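Here is a friendly walk through a few spots in a protein model. Have the viewer open and follow along from site to site.

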Amino acid sequence: MEPILNAKNLVKRYGKVIALDHCDFELYPGEVLAVIGDNGAGKSTLIKALSGAVVPDGGEVWLEGARVHFHSPTDAREAGIETVYQTLAMSPALSITDNMFMGRELRKPGIMGKWFRQLDHKAMEDFARKKLSDLGLMTIQNINQAVETLSGGQRQGVAVARAAAFGSKVIILDEPTAALGVKESRRVLDLIQDVRSRGIPIILISHNMPHVFEVADRIHVHRLGRRLCVIDPKDYTMSDAVAFMTGAKEPEAVAA
Amino acid sequence: MEPILNAKNLVKRYGKVIALDHCDFELYPGEVLAVIGDNGAGKSTLIKALSGAVVPDGGEVWLEGARVHFHSPTDAREAGIETVYQTLAMSPALSITDNMFMGRELRKPGIMGKWFRQLDHKAMEDFARKKLSDLGLMTIQNINQAVETLSGGQRQGVAVARAAAFGSKVIILDEPTAALGVKESRRVLDLIQDVRSRGIPIILISHNMPHVFEVADRIHVHRLGRRLCVIDPKDYTMSDAVAFMTGAKEPEAVAA
Amino acid sequence: QDETTACLITKTDTNPFFVKMREGATAKAEELGINLMTFAGQIDGDHETQVQAIETCIASGASGILITASDTSSIVSSVEQAREAGILVIALDTPLDPIDAADATFATDNFRAGELIGQWARETLGDEAENARIAMLDLGVSQPTVGVLRDQGFLTGFGIDVGDPNRWGDEDDPRIVGHDVTAGNEEGGRQAMENLLAQDPMINVVYTINEPAAAGAYEALKAIGRENDVMIVSIDGGCPGVQNVGDGVIGATAQQYPLQMASLGIEAIAQYAEDGTLPQPTEGKEFFDTGVQLVTDQPVEGIESITVEEGMELCWG
Amino acid sequence: MSQSDSYEDIVKARREEKFAEFEDERKGLLHKFHHALHVTPALVPLIVLVASIVIFGVLLGSRFFSPFALTLILQQVQIVGIVAAAQSLVILTAGIDLSVGAITVLSSVVMGQFAFRYGIPVPVAVACGLACGALCGALNGFLVSRMKLPPFIVTLGTWQIILATNYLYSANETIRAQEIEESAPLLHLMGAKFQIGGAVFTVGVVFMIVLMLVLSWVLRYTAWGRHVYAVGDDPEAAQLSGVNVKGTLLSVYMLSGLICAFAGWALIGRIGSVSPTSAYEANIESITAVVIGGISLFGGRGSILGSLFGALIVGVFTLGLRLLGADAQWTYFFIGVLIIAAVAVDQWIRKVSA
Amino acid sequence: MSQSDSYEDIVKARREEKFAEFEDERKGLLHKFHHALHVTPALVPLIVLVASIVIFGVLLGSRFFSPFALTLILQQVQIVGIVAAAQSLVILTAGIDLSVGAITVLSSVVMGQFAFRYGIPVPVAVACGLACGALCGALNGFLVSRMKLPPFIVTLGTWQIILATNYLYSANETIRAQEIEESAPLLHLMGAKFQIGGAVFTVGVVFMIVLMLVLSWVLRYTAWGRHVYAVGDDPEAAQLSGVNVKGTLLSVYMLSGLICAFAGWALIGRIGSVSPTSAYEANIESITAVVIGGISLFGGRGSILGSLFGALIVGVFTLGLRLLGADAQWTYFFIGVLIIAAVAVDQWIRKVSA
Ligand SMILES: Nc1ncnc2c1ncn2[C@@H]1O[C@H](COP(=O)(O)OP(=O)(O)OP(=O)(O)O)[C@@H](O)[C@H]1O
Ligand SMILES: Nc1ncnc2c1ncn2[C@@H]1O[C@H](COP(=O)(O)OP(=O)(O)OP(=O)(O)O)[C@@H](O)[C@H]1O
Ligand SMILES: O[C@@H]1[C@H](O)[C@H](O)CO[C@H]1O
Ligand SMILES: [Mg+2]
Ligand SMILES: [Mg+2]
């Protein structure tokens, strides 16, 4: 099978630090690929390079077999890649709807939309409300609430819902449950299963091994800025995975 | 036994939201007390009220049997209560040493210190280096590095080390491992055991049940702004704890 | 409300010149039982605030307006409006452009004031005037009209071709070391003088826009010990300025009479309110010249001047 | 400590949950008012504005509280109001534009000099002036968005550059009102008056009001408007969530320059002549209007209509104090007090209604 | 998917870990230079300063590159330099002080009028002037720290209030240099000169340099100094980690006011007389010096020595351009270009050396 998203030899330096050190990456259609690694291993930098948030110093990225050059997150989004960044990327003072549609607003039909470029607030609100409740992630009382008035968990929910609603090819989640409670994390895992069942592949970065082993089809182990190995969670234990990512054990060969 | 830190009837409102709703709290000498609860339950607000970062609208706080009124974190620190806030509370542009000693800087002995109030950078650096390596938490190459150049994990380590080094009566940790990897989280747990073995009681907020059950002596379950119950991890399972905090199950009576 | 209302609008209310003018107007208004409203721009050159002031005067039903225009032509439209509303408008200190835009003008001839000190400087230097090294300390880079008139008047009096008389800085006479700006205060005067001295330490004639600038220039000269061999001339005739002439800080200054302008103006408004009489200009001039006199203790032949003692009697501020 | 592996099962089944509901202690009218304050940021300055009109109306009677005097205020604030619209846009993106005054006057000088010095047809000269403003704005926008220099410093620099250019280019020449009236009356368009009862309006005043309404509509109902807020709120977040931050910034500064050029045109209408020394205080006055209007200097919060009210508040105070006979320095003194008081009241209302 | 319970055992045992080490590709002198730039923020403006002195020195020869001309620059920037020190402190706390110029001139007027109008002994009058400055600063500090109003707005308001007070109190009267020399020479203290070779120094210049050095020592080597940076960096974090944020802010604004009062004293020494119209441009000039000196307007970053260099850079350019024969308007223009260029170079060097 052809990978849907793949990268070769990615390099990214920050001053003295090499965040990506000739890193390779593959994501196959329909799978949940987990990316695990120590703090500072370069996981976030990797997905930023894939989603256009960071332009790598070197290396190549292919989407569905075609070479792509993303210069901004907008480029990647237009190509169908949706990302929930570790920092969430929401405008706190704006409403949930505004945030969900940021950069891809719907305009009114007819003259008002075409000539005066008026937004269709109603349509966007309905869509947002539907997505949020479809996903059953939470009950939002007021879709026009400013994001800053939401609790951390609700905010994360909105970010994930946004990605799930618009991601047509790939959805990337960078530690979506770090700040979440037990119940709220579970809802996000449910959502991941949901999205996978719609056939959309997901990249999931997480430090939570039980969650990773529960939902991942394959696990990309990241260490010191590069891919150490890719393992199948059915063949390895969590202990193995942790041993690989912390350097306690060397993988036998480049697996899977 | 007398609680070392205790609170009665704490109330805190943010506009319409009641973050603390007549909440009680007790911490006993030498114990690790875990505080668990859903996102937005009011855990952070509770410990902020205990540490002076927030002045409650109502209720009382006692330290070692004496009524205390903390109006700022400095007040609480002077009383021996050290806190690692969820947001870490570091000045990114300043060095590790500066951050560790912020607000309790050491002055040089003699005239320079007394009259010119010159700081004893050397003594502070030595102390900071010693604390960090004593605790074995990490190897910091340059103690004068700006905190913003550290990875999330290292930063969390500095915050925890600061609290552990200066907390003489109580140490409060608000989700100290949320952003940390498996290995880094483990180091923080080790540190908690360390501190307890020195006889200093700890309040630990965490969403990680296995960690909570591993290190806690008692577990304060927080729900909807108040203490639902306090349980002994030896008497209850994680499932029970999660059931209580999410409201799936009611505790029989106010326990332990 | 039968009381006659008059307005006084000055360029600023921070320059003692205008403070004095206001005092003169206030005293006269009290004497004649006129209600006086005073207004001022924020800085010299701020004509928008003056426009607002005229509008306020119209709104409060004034009979007459005395104005020292910050911008002689920009204010004309508003002045027209006021006159259409039946208000007597008198320009003080600075004639409008065109001069008949106001009903009357009680002013100093600023060009003439500059000319006087220019002539005095040339005559005092005698033959040395051919080799003079001249520093020109002006008001601001925006070249407000008063500054240009005095500067060009001085140069004309000194016998230097001014090129375009509507702006300074386009002259090519080698005796001019340079023009710099002072904002009309001591600090600016000192810095501008230093800058020009660094260009040519042998400067021996200094024109200054006003007396505060002259005082600043003097400090700069004193700092390098040249205060006694450089001639400073200035314009205004405020009391500190005249005293400085007496103390030898300034060689000569051209004195104007703001108190007189103001009290004459108030009288004219009172007259107009009573019977509609319009004030008449000085014979042979387009405006009523309140006069300008050279103040110096070193008079030269052919140029009328008064002594410092006389100047002190007439001074303001 | 057993069964640890399956503790999450508890939360796998979804339960109907009642959300934490807290009784709201504040009821009725007052509560509605608080809520309105909270969702309509321009309401606070509007209240202050109305209050100050009422107070001066009581103090001064019909001298102040007449259609003539009230519309006079509109005429007096029109330039500052238009410039404040430009300033608001920039401040909403968490920037600041110190060059607004310089752009305003340079544009007016370009319109005038192009028409008179080169004899270009007046409509073309006006267009050139507008283009000049947009160009100056584009320079700011380029330096801010591409070179990533701080707006305060960029516009501090361009302020001086543009102002010096203005003096150099105009050769300090004023074009007199009479000449303009004769040969280029289009330059006076914004000053054209019409009367409704005792109320006197000018085209410039109408332009200011329409501009404010249009901008406030655009900011609310178009994607570009939402992006302006998002960029000011958190540029990095905006970038990551798909906003073209550079493009938005560039367009905001350009638009700001263009609006300033319109202010320059209105300036000719108001003072009659073209003078290179005009609009000197427009920077500080426009910023004052914006902050009194409740727009946060940190960006992303506030309504542009607030700036209009802010400008009007200053206008009301200035005219009111003048009519009361306060002399100029006392007026400045009170405006200073007003600035602080207005913001303190704003903070206080927001706190109470939070 | 077994053994899930014990996966953490792996990390329970501590292993000797080698830290990720990356080969550093940049070696030698250049690297050391980069490192120095990185740790010494005042170095960039110092380099720009030296470079501009060298360039003008080459262009102008000994007319510029002489002890006389170079110390003249020091004298010319002394007021701005002292005020910039005050401004730097405030900007380091992420604030801004628009009232510095007003405080400077009011303090000098108080010194003068107290001595002359009321005949108070001169040292007492000077002390009163200094107290007046500190008091104005305290007013700013109170409004910023207790009332939590934004510094920009607070000082925009107090600027007008203090300036109006200055004019009203002084009645626009100037006290002449000759009178001061006669009966209150202490007011001229800061203007006293001494010569070393061709170099001319004044007490005010020495005061400015000593002040900068002392402040830079205090900011680095005392707890208060560290707190100033912490407050500017992140006030909430500073508060939580035990800094008395309100107290620090109040002390910074008070100290800023006091320093401005010293600038007022130096002003009397420099211009000889006491004049209420002085120091009008001190706001914008001090901010310019601070930003050219590389202190971030967002607070918490930069070195106060940078502001001294920033002020000197402007001084060097002004005198240098004048000597080159650029007229006043062109000088104005080039200072604008300089501001932008200096900050662009600063950004660029920091980026390259990051
Ligand atoms: N903008 C930046 N500037 C400088 N260094 C950076 C930047 N972003 C990341 N780094 C560095 O690059 C390295 C990789 O960072 P990255 O955020 O990709 O790690 P990560 O694997 O996502 O870690 P975590 O699990 O803590 O999120 C780290 O050493 C980090 O300090
Ligand atoms: N500064 C604030 N302003 C307004 N509301 C706040 C503020 N701080 C907290 N809240 C609200 O108070 C409630 C309790 O918040 P708190 O941070 O104490 O929750 P928590 O239990 O710590 O949650 P988490 O597990 O997500 O950290 C939440 O609804 C939150 O939105
Ligand atoms: O025109 C005025 C007066 O003539 C006086 O000299 C003050 O300054 C000028 O602007
Ligand atoms: Mg990451
Ligand atoms: Mg919390």
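This report looks at a ligand site, a metal site and a strand. Please keep in mind throughout that this is a predicted model.

**The site of ligand 3**

Let us begin in chain C, where the residues around ligand 3 include Lys11(C), Phe17(C), Phe18(C), Asp44(C), Asp93(C) and Gln256(C). By class, this shell is made of 5 charged, 3 polar and 3 nonpolar residues. Polar side-chain atoms approach oxygen atoms of the ligand from three residues, listed here.

| Side chain | Distance to an oxygen atom of ligand 3 |
|---|---|
| Asn15(C) | 3.5 Å |
| Arg150(C) | 2.5 Å |
| Asp236(C) | 2.4 Å |

On its own, ligand 3 has 270 Å² of accessible area, and the protein covers 97% of that. Two elements of chain C, α1 (16–32) and α5 (145–158), each give two or more residues to the shell.

**The magnesium ion**

Next, move to chain A. Which protein atoms are donors to the magnesium ion (ligand 4)? They are OG of Ser44(A) and OE1 of Gln86(A), which lie 1.8 to 2.2 Å from the ion. This pair brings together distant parts of the chain, as the two residues are 42 residues apart. Ser44(A) belongs to helix α1 (residues 43–50) of chain A, whereas Gln86(A) sits in the loop between β6 (81–84) and α3 (96–101).

Is Ser44(A) buried or exposed? Its relative accessibility is 19%, so Ser44(A) counts as buried, the cut-off being under 20%. Gln86(A) counts as partly exposed because its relative accessibility is 38%.

**A covered strand in chain B**

Finally, turn to strand β9 (residues 218–223) of chain B, where 6 of the 6 residues are buried. Both of its faces are covered: Arg218(B), His220(B) and His222(B) are buried on one side, and Ile219(B), Val221(B) and Arg223(B) on the other.

How does β9(B) pair with other strands? Strand β3 (residues 32–36) of chain B runs parallel to β9(B), and 4 bridges join them. Strand β10 (residues 226–231) of chain B runs antiparallel to β9(B), with 5 bridges between the two. Ile219(B) is a handy residue to click on here: Ala34(B) stands opposite it, and its bridge partner in β10(B) is Ile231(B).

The hairpin of β9(B) and β10(B) has 2 residues between the strands, and within this hairpin Leu224(B) takes a positive phi near 50°.

Conventions
Residues numbered from 1 in each chain as written. Chains lettered and ligands numbered in written order. Predicted model: local features only at pLDDT ≥ 70, side-chain atom pairs only at ≥ 80, totals over all residues. Heavy atoms only, no water. Near = heavy atom within 4 Å. Polar contact = N/O pair within 3.5 Å; in protein donor to acceptor, adjacent residues only side chain to side chain. Areas by Shrake-Rupley, 256 points an atom, 1.4 Å probe, with all protein chains shown as cover. Nonpolar A, V, L, I, M, F, W, Y, C, P; charged D, E, K, R; others polar. Donors = N, O, S within 2.8 Å, 3.2 Å for Na, K, Ca; no water. Buried < 20%, exposed > 50% of the residue type's maximum accessible area, 1.4 Å probe, protein only. Pairing = 2+ DSSP bridges.
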